[in-house]
Amino acid sequence: MTSIEQYPEFVNSHLYKDGTTWEERMTLAALGLCGEAGEFADSLKKYLFQHGDYNEKHVVEELGDILWYLQLACNLLRVSLDDVAEINMAKLKERYPIVMALGEKK
Ligand SMILES: [Mg+2]
């Protein structure tokens, strides 16, 4: 079993559950995604405007934090990350058919 296959249960097992409602957990997912996206962006801000050090390990850790909250939202909606990827690809192919066609042209 791959890490991504184990991840939904991993997230569920690392979530405090006592007394929290679906709405509270979804709020946690939404606020967590916003917060972690901010940390991801902050890494780039520091690189570009402060000390010029781009710590890729730290950036990947922030992406992992984003993944955790994304998986939490998926668990609450009873969809998989694979489902989300498929839906997103279908949406983008419909929305940007010319770009997709050009992208495949290489
Ligand atoms: Mg973080």
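How many of the 15 residues of helix α4 are buried? I put this to the model, which is a predicted one, and the count came back as zero, so that I note α4 as hardly covered.

**Entry 1, helix α4.** I then looked up the length of this helix, which runs over residues 81–95. At 1.5 Å a residue its 15 residues should span 21 Å, and since I find its end C-alpha atoms 21 Å apart, the expected and the computed value agree. As a single case within α4 I took Lys91, which counts as exposed because it has 10 C-beta neighbours inside 10 Å, where 12 or fewer is the condition for that class. I also checked Lys91 against His14: the two are 77 residues apart in sequence, and their C-alpha atoms lie 32 Å apart in space.

**Entry 2, the whole chain.** I went on to the overall make-up and found five helices and zero strands, which read along the sequence as α-α-α-α-α. For the dimensions, I noted that the C-alpha atoms fill a box of roughly 50 × 40 × 30 Å along the principal axes. The radius of gyration is 17 Å, whereas a compact globule of 106 residues would have one near 13 Å. Burial in the protein as a whole comes to 5% of the 106 residues. Of the contacts with a separation of 6 or more, I find that 67% are made by residues 24 or more positions apart.

**Entry 3, α1 against α3.** How do the axes of α1 and α3 stand to each other, and at what angle do these helices pack? Helix α1 (residues 3–13) meets helix α3 (residues 56–77) at an angle of about 90°, and their axes are 9 Å apart. I therefore recorded the two helices as roughly perpendicular to each other, the range for that term being 65 to 115 degrees. On the α1 side the contact is made by Tyr7, Pro8, Val11 and Asn12, and on the α3 side by Trp68, Gln71, Leu72 and Asn75. Sorted by class, this contact holds five nonpolar and three polar residues, with no charged ones.

**Entry 4, the loop after α3.** Between α3 and α4 I stopped at Arg78, which is placed in the loop there. Its phi is near 55°, and I marked this as a positive value in a residue other than glycine. Is Arg78 buried or exposed? I entered Arg78 as exposed, because 7 other C-beta atoms lie within 10 Å. For the distance to Leu63, I read 22 Å from C-alpha to C-alpha, at a separation of 15 residues in sequence.

**Entry 5, helix α2.** Last, I looked up Leu44, which lies in α2, the helix of residues 22–49. With 11 C-beta neighbours inside 10 Å, Leu44 counts as exposed, again because the condition is 12 or fewer. Leu44 and Lys17 are 27 residues apart in sequence, and I find their C-alpha atoms 34 Å apart in space.

Terms used. Residues are numbered from 1 along each chain as its sequence is written. This is a predicted model: local features need pLDDT of at least 70, side-chain atom pairs count only at pLDDT 80 or more; totals for chains, interfaces and linings use all residues. Axes are lines fitted to C-alpha atoms, for helices over the stretch in contact, and angles run from 0 to 180 degrees between N-to-C directions. Angles under 35 degrees count as roughly parallel, over 145 as roughly antiparallel, 65 to 115 as roughly perpendicular and the rest as oblique. Two residues are in contact if their C-beta atoms, placed from the backbone, lie within 7 Å. Ala, Val, Leu, Ile, Met, Phe, Trp, Tyr, Cys and Pro count as nonpolar, Asp, Glu, Lys and Arg as charged, and the others, Gly among them, as polar. The expected span of a helix is 1.5 Å times one less than its number of residues. A residue is buried if 20 or more other C-beta atoms lie within 10 Å of its own, exposed if 12 or fewer, and partly exposed in between; C-beta atoms are placed from the backbone. The radius of gyration is taken over C-alpha atoms; the globule rule is 2.2 Å times the number of residues to the power 0.38.
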